[in-house]
Amino acid sequence: MLVQPYRLYVERTDPEKNMARFYVLAIESTLFGTPCVTRCWGRIGSTGQKKVHHFESERDAC
C-alpha cells in the first residue's frame with residue numbers, strides 16, 4: 001500500500017499553433033497493492049494514450 005499518493009497534471013496550450021496537450025504522471029496502487037507508475041498524454045478533450053509501469057516497492061517507483 002502506498003504511503004502517499006502522487007499525481008501531477010500539466011497542460012500545454014498555444015492557440016497560434018493549435019496546440020492543446022495534457023500530461024499526467026501518477027504513482028498508484030494496483031488491485032493487488034503493488035505500486036505502479038501511470039503516464040497519460042494526449043490532446044485536451046481526448047482519452048489520449050496511457051502507459052503503466054509496475055514496481056516491487058514504492059521507493060522503486062519514485
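Here a trainee and a mentor talk through the strands, turns and surface of a predicted model.

Trainee: Before we start, what kind of model is this, and which pLDDT do local features need?

Mentor: Residues are numbered from 1 along each chain as its sequence is written, and side-chain values use heavy atoms, with hydrogens and water left out. This is a predicted model in which totals for chains, interfaces and linings use all residues, side-chain atom pairs count only at pLDDT 80 or more, and local features need pLDDT of at least 70.

Trainee: Thanks! How many bridges pair strand β1 with strand β2?

Mentor: Let's settle the terms. Strands are DSSP runs of E with at least two residues (helices are runs of H or I with at least four), numbered from the N terminus. Two strands pair if DSSP finds at least two bridges between them. Strand β1 (residues 6–14) and strand β2 (residues 19–29) pair in the antiparallel sense, and their bridges number 9.

Trainee: Which residue in β2 is the bridge partner of leucine 8?

Mentor: Look at two bridges of this pair together. Tyrosine 9 has valine 24 as its partner in β2. For leucine 8, the partner in β2 is leucine 25.

Trainee: Which residue in the turn between β1 and β2 has a positive phi?

Mentor: The two strands form a hairpin with 4 residues between them. Most residues other than glycine have a negative phi. The turn residue with a positive phi, about 55°, is asparagine 18.

Trainee: Is asparagine 18 buried or exposed?

Mentor: Asparagine 18 is found in the loop between β1 and β2. Buried means under 20% relative accessible area, exposed over 50%, and partly exposed in between (1.4 Å probe, protein chains only). Asparagine 18 has a relative accessible area of 57%, so the residue is exposed.

Trainee: Moving along, which residue takes a positive phi in the hairpin of β2 and β3?

Mentor: Strand β3 covers residues 35–43, and 9 bridges join β2 to β3 in an antiparallel arrangement. One of these links phenylalanine 22 with glycine 42 in β3, and another links glutamate 28 with cysteine 36. The hairpin has 5 residues between the strands, and the residue with a positive phi near 90° is glycine 33.

Trainee: How far apart in space are the C-alpha atoms of threonine 34 and glutamate 56?

Mentor: Threonine 34 is found in the loop between β2 and β3. Its relative accessibility is 33%, so threonine 34 counts as partly exposed. Along the chain, threonine 34 and glutamate 56 are 22 residues apart, while their C-alpha atoms are separated by 6.5 Å.

Trainee: Which residue in β4 stands opposite arginine 39?

Mentor: β3 and strand β4 (residues 49–54) run antiparallel and are joined by 6 bridges. Their hairpin has 5 residues between the strands, with glycine 45 at a positive phi near 100°. Opposite arginine 39 in β4 stands lysine 51.

Trainee: What is the C-alpha distance in space between valine 37 and leucine 25?

Mentor: Valine 37 is found in β3 and counts as buried because its relative accessibility is 10%. Leucine 25 has its place in β2; at 40% relative accessibility, leucine 25 is therefore partly exposed. The two are 12 residues apart in sequence, and C-alpha to C-alpha they are apart in space by 7.2 Å.

Trainee: Which elements give two or more residues to the nonpolar patch?

Mentor: Patches are made of residues with over 30% relative accessible area and no salt bridge; like charges are joined within 9 Å, and nonpolar side chains (Val, Leu, Ile, Met, Phe, Trp, Tyr) within 5 Å. A nonpolar surface patch of about 330 Å² is made by Leu8, Val10, Tyr23 and Leu25. The elements that give two or more residues to this patch are β1 and β2.

Trainee: Last one: how far apart in space are arginine 12 and tryptophan 41, C-alpha to C-alpha?

Mentor: Arginine 12 sits in strand β1 and is partly exposed because its relative accessible area is 45%. Together with Lys17, Arg21 and Arg43, Arg12 forms a positive surface patch. Arginine 12 and tryptophan 41 are 29 residues apart in sequence, and in space their C-alpha separation is 11 Å.

How values were computed: Accessible areas come from the Shrake-Rupley method with a 1.4 Å probe; for residues, only the protein chains shown count as cover. A salt bridge is a side-chain nitrogen of Lys or Arg within 4 Å of a carboxyl oxygen of Asp or Glu. Lys and Arg count as positive and Asp and Glu as negative; His and the chain ends are not counted. The place of a charge is taken as NZ of Lys, CZ of Arg, CG of Asp or CD of Glu.
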